[in-house]
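Reader: I am new to reading structures and would like some help with this one. May I put a few questions to you?

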Amino acid sequence: MTISEIIFYLFSATIIFFSILTVTSRRILRAAVYLLFVLVSTAGLYFMLNYHFLAAVQLTLYAGGIVVLIIFSILLTSHISQKFEPVGIKKQIFSAIAMAAGAILSIMVILNYGFNSLITVADNPTMNTIGYGLLNYGKNGYALPFEVISILLLAAMFASIVIAKKDKKTN
Amino acid sequence: MDFSFTVWIPLLPLILFVFLGLTSGSIRPKISGYIGTAGMTITTLMSYFVAYQYFFNRPAGSETFEKIIAFNTVWLNLTEKLQINLGVLLDPISVMMLVVITTVSLMVHIYSIGYMNGEKGYSRFFSFLSLFSFSMLGLVVATNIFQMYICWELVGVSSYLLISFYYERPTAVAAGKKAFIVTRFADLGFLIGILLLSFVSGTFDFVSLTDPQGALITQGSSLTFMGLSVMTWALVLIFMGGAGKSAMFPLHIWLPDAMEGPTPVSALIHAATMVVAGVYLVARLFPLYVFAAPDALTIVGYVGGITSLFAAVIACTQNDIKRVLAFSTMSQIGYMMLALGVSGYGDHHGLGFMASMFHLFTHAMFKALLFLAAGAIIHAVHSNFMTEMGGLRKYLPITHITFLIACLTIAGIPPFSGFFSKDEILTAAWEHDKFLFFIEYAVAGLTAFYMFRLYFNVFWGKDRHYHHTPHESPLVMTGPLMFLAAASMFTGFIPFSSLVTSDSKPFESHIEWMIAIPSILIGVIGILVAMWFYKKENGISEKMAGGLKHLYKWSYNKFYMDEVYLFVTKKIIFNNISRPAAWFDRHVVDGTMNGIASVTNRTSSGIKGFQSGQLQKYGFVFVSGVIILVFTFIYIWFN
Amino acid sequence: MTAVIPLHYFLIVSTLMFFIGIYGFLTRKNLITILMSVELILNSVNINFVAFNRYLFPGELQGHFFTLFIIAVAAAEAAVAIAIIISVYRRFTNIDVERVDTMKH
């Protein structure tokens with residue numbers, strides 16, 4: 001067993017374990033922290049796949065941004081010590097059965113499909129490549145989605161402000 | 001002569017009905033009475049004019065009275081051959097009926113102005129009278145059997161409305177319902193008969209139906225059902241409708257109760273006009289009865305004979321004067337039916353037909369007179385019961401005289417009109433069926449007896465204790481009495497045999513004194529017995545009643561026919577048919593509907609949870625569905 | 001470095017993560033935890049993209065870029081969702097999905 005395998009198994013185990021904890025924990029702040037672990041481990045997987053930039057983005061945006069945002073909103077809306085009521089056992093069982101079935105189905109499909117993996121080069125795309133790709137409108141260029149995303153971000157920002165703003169009338 | 005204006009004879013009362021009905025409450029009741037009477041006067045004058053033109057002004061050289069279609073319009077086009085028309089057919093009997101109906105109706109209108117004075121619903125009364133006149137006139141001038149059926153039902157409706165005129169009295173309401181249901185039941189037979197007849201003949205039209213040379217007469221006899229030809233069945237069923245309307249045994253039970261209506265209504269509808277509709281119906285289809293279904297005609301004759309005897313026996317014991325008159329009406333209509341039953345077709349063989357129509361005519365006059373006079377008596381005494389009357393001849397002189405004339409007429413004493421018509425019937429019966437003939441003799445005696453029992457009880461005997469001294473009615477009421485009394489006295493001299501005959505050809509008839517004299521004697525005996533019993537209160541009648549205890553009791557209770565009906569309907573039909581039907585309806589039919597409803601209800605409340613509005617449930621279903629779909633696809637794909 | 005780990009290992013991990021996310025989405029009541037489940041789902045997709053890109057099309061960067069965009073979209077989505085959650089909380093003093101079932105008010 002190579003070191004990379006060990007690392008992979010470690011990350012995978014972390015991801016799955018903490019994912020489960022995220023969706024089952026009855027303390028919301030802990031759930032957020034477990035989510036953070038999952039996201040960091042995912043970034044680890046990206047590192048393993050030699051996408052360093054992506055891993056960094058994952059860490060900063062996801063782990064740094066979104067999780068912090070979530071934690072903020074948790075602090076705004078709940079008590080830290082608050083525990084959720086346990087979920088109805090029927091709901092849990094049915095959902096679990098359905099999801100297990102779905103997972104098994106998907107995994108069966110994946111295992112039955114012979115992927116034609118071509119591991120030739122495992123080079124890390126340089127920042128230059130990524131920058132050109134984002135701003136290029138030719139082949140392998142993503143200027144358009146990039147712009148669309150920027151507009152989306154703007155719209156989302158406005159939307160969040162408008163929605164979260166206190167309504168004068170209701171006060 | 002153009003008779004097309006005759007369409008206004010039925011239409012004018014219809015217009016009056018609509019007008020009076022719509023304006024009742026907005027114009028003074030008195031005014032609506034005058035309007036109704038004026039309209040009826042015009043109708044009457046038109047009818048008289050038509051009768052004069054038809055009978056006495058016919059085209060030169062024609063021996064027979066032609067059937068004239070004065071007006072005809074297609075109303076419903078069922079098939080190319082079968083269509084329902086509305087129109088006016090003039091022939092001797094319909095013209096004669098026009099005269100009868102309009103005369104009696106006019107008299108009743110005039111009389112009602114006085115009689116109904118101050119009653120609630122005065123204008124409603126007049127509008128209903130107009131409705132009735134319209135329907136009855138439409139009935140007699142019908143060109144086809146379907147128009148007749150329509151008017152027949154309209155007549156039934158107006159009869160119902162007028163019987164229950166005092167709708168605040170439960171008895172009146174019950175009587176109205178009874179009349180409606182019984183006649184409706186009979187009309188079911190009529191309708192089936194019409195359907196059978198039109199099925200066999202392919203036409204509704206009277207002219208082609210009753211053409212004695214036509215092919216239809218022989219057509220129906222080829223098809224048979226249970227040993228009788230279809231034509232016989234059709235005609236017997238049609239007669240069932242006629243029997244219901246004319247209160248023939250055993251469908252008579254509604255007529256005595258119908259006396260709950262105002263007395264002028266009894267005079268118009270339940271004595272003179274509507275109840276003879278059955279006779280008219282048979283007379284209208286007479287050639288069919290004679291040629292295609294002589295068996296049916298025999299049934300007609302025997303039903304008439306039995307009814308006349310049956311009703312006469314009951315009439316002898318009743319105490320309510322209107323009921324006595326009601327049973328007398330039944331008895332007299334039985335006479336007419338019997339006369340039709342013993343008649344043949346063509347000149348002297350058609351004596352019975354002529355006699356029946358003649359009797360219908362005279363009976364309308366004297367029976368309307370009797371009822372109107374009874375109304376005057378009731379008006380004066382405020383009671384219907386002859387036990388509460390007596391010695392009224394001093395107080396009501398005009399009513400007394402006219403009533404006496406009517407009694408003599410119905411008893412068949414010459415020279416009053418009843419004698420002539422009854423004699424013709426007796427002659428026809430003698431020539432045809434001896435059994436019916438002797439029944440009629442018996443009935444003649446009974447008729448004289450019960451009428452004079454009524455007469456002596458009311459006008460002679462001791463004075464009773466009255467609330468106030470009875471006084472004679474105003475002229476508006478006595479006028480019609482006098483007119484009808486005159487009619488009863490003199491209409492007997494109308495030469496009916498040269499006017500209204502079975503084949504529309506005049507023939508000679510003369511009084512058979514060998515038959516007439518015994519009949520007069522029987523009448524006189526009846527009168528004398530009644531006089532002996534009732535002129536002075538001497539207890540003989542009570543002794544007689546005691547001697548014939550059982551017969552008296554049976555007769556007094558109308559032979560328990562009402563009870564039989566109640567037993568049959570309540571005990572047998574309600575218990576064995578209606579209850580299970582109601583149970584079936586309530587539990588199976590309704591149960592099915594309720595079951596559908598409750599299953600829907602339960603299902604929807606069961607699946608209500610699906611529509612919880614909760615995203616997670618939707619999500620669960622969605623994801624599970626996708627998984628199942630994918631699984632299914634993959635399963636199919638790899639197999 | 002990655003040669004020894006087959007592609008489907010990554011896919012299995014992401015599949016498990018995906019279904020765990022859906023499980024959380026279906027069972028949790030708190031809006032924020034639902035949001036976290038959604039993040040898990042997005043993340044599992046990201047892993048797929050990245051793994052496919054690396055193993056099947058190593059010369060190109062489509063998967064890489066789409067992961068990048070998805071992260072951006074996820075960030076925007078999280079911002080809007082949290083704005084909504086706070087707004088809801090202000091109205092109902094509660095962010096339990098089962099109790100927030102009226103659209104009016």
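Reader: Which residues touch the most other members in the largest nonpolar core?
Author: In this predicted model, they are B:Leu235, B:Met357, B:Ala368, B:Leu369 and B:Ile377, in a core of 205 residues.

Reader: Which helix gives the largest share of this core?
Author: That is helix 16 of chain B, residues 351-381, with 22 residues.

Reader: What is B:Leu369 in contact with, leaving aside its neighbours within four places in sequence?
Author: B:Leu369 then contacts B:Thr402, B:Ala406, B:Leu481, B:Leu484, B:Ala485 and B:Ser488.

Reader: How many residues are in the other core, which lies apart?
Author: That core has 72 residues, including A:Ala55, B:Ile627, C:Leu16 and C:Ile85.

Reader: Turning to the chains, how many residues do chain A and chain C bring to their contact?
Author: Chain A contributes 71 residues and chain C contributes 63. On the side of chain A that touches chain C, helix 3 of chain A provides the largest share, 13 residues.

Reader: How does that side of chain A divide by class?
Author: It comprises 49 nonpolar, 20 polar and two charged residues.

Reader: Now the helices: at what angle do helix 18 and helix 19 of chain B pack?
Author: The angle is about 150 degrees, and their axes are 8 Å apart. Angles over 145 count as roughly antiparallel, and the two helices of chain B, 18 and 19, are therefore roughly antiparallel to each other.

Reader: Which residues make that contact?
Author: Helix 18 of chain B uses B:Lys422, B:Ile425, B:Leu426, B:Ala429 and B:Trp430, while helix 19 of chain B uses B:Leu436, B:Phe437, B:Glu440 and B:Ala444. Seven of these contact residues are nonpolar, two are charged and none is polar.

Terms used:
Residues numbered from 1 in each chain as written. Chains lettered and ligands numbered in written order. Predicted model: local features only at pLDDT ≥ 70, side-chain atom pairs only at ≥ 80, totals over all residues. Axes fitted to C-alpha atoms, helices over the stretch in contact; angles between N-to-C directions. Helix = DSSP H or I, 4+ residues; strand = E, 2+ residues; numbered from the N terminus. Parallel < 35°, antiparallel > 145°, perpendicular 65-115°, else oblique. Contact = placed C-beta atoms within 7 Å. Nonpolar A, V, L, I, M, F, W, Y, C, P; charged D, E, K, R; others polar. Core = buried A, V, L, I, M, F, W, Y, C linked by C-beta atoms within 7 Å. Buried ≥ 20, exposed ≤ 12 C-beta atoms within 10 Å, placed from the backbone.
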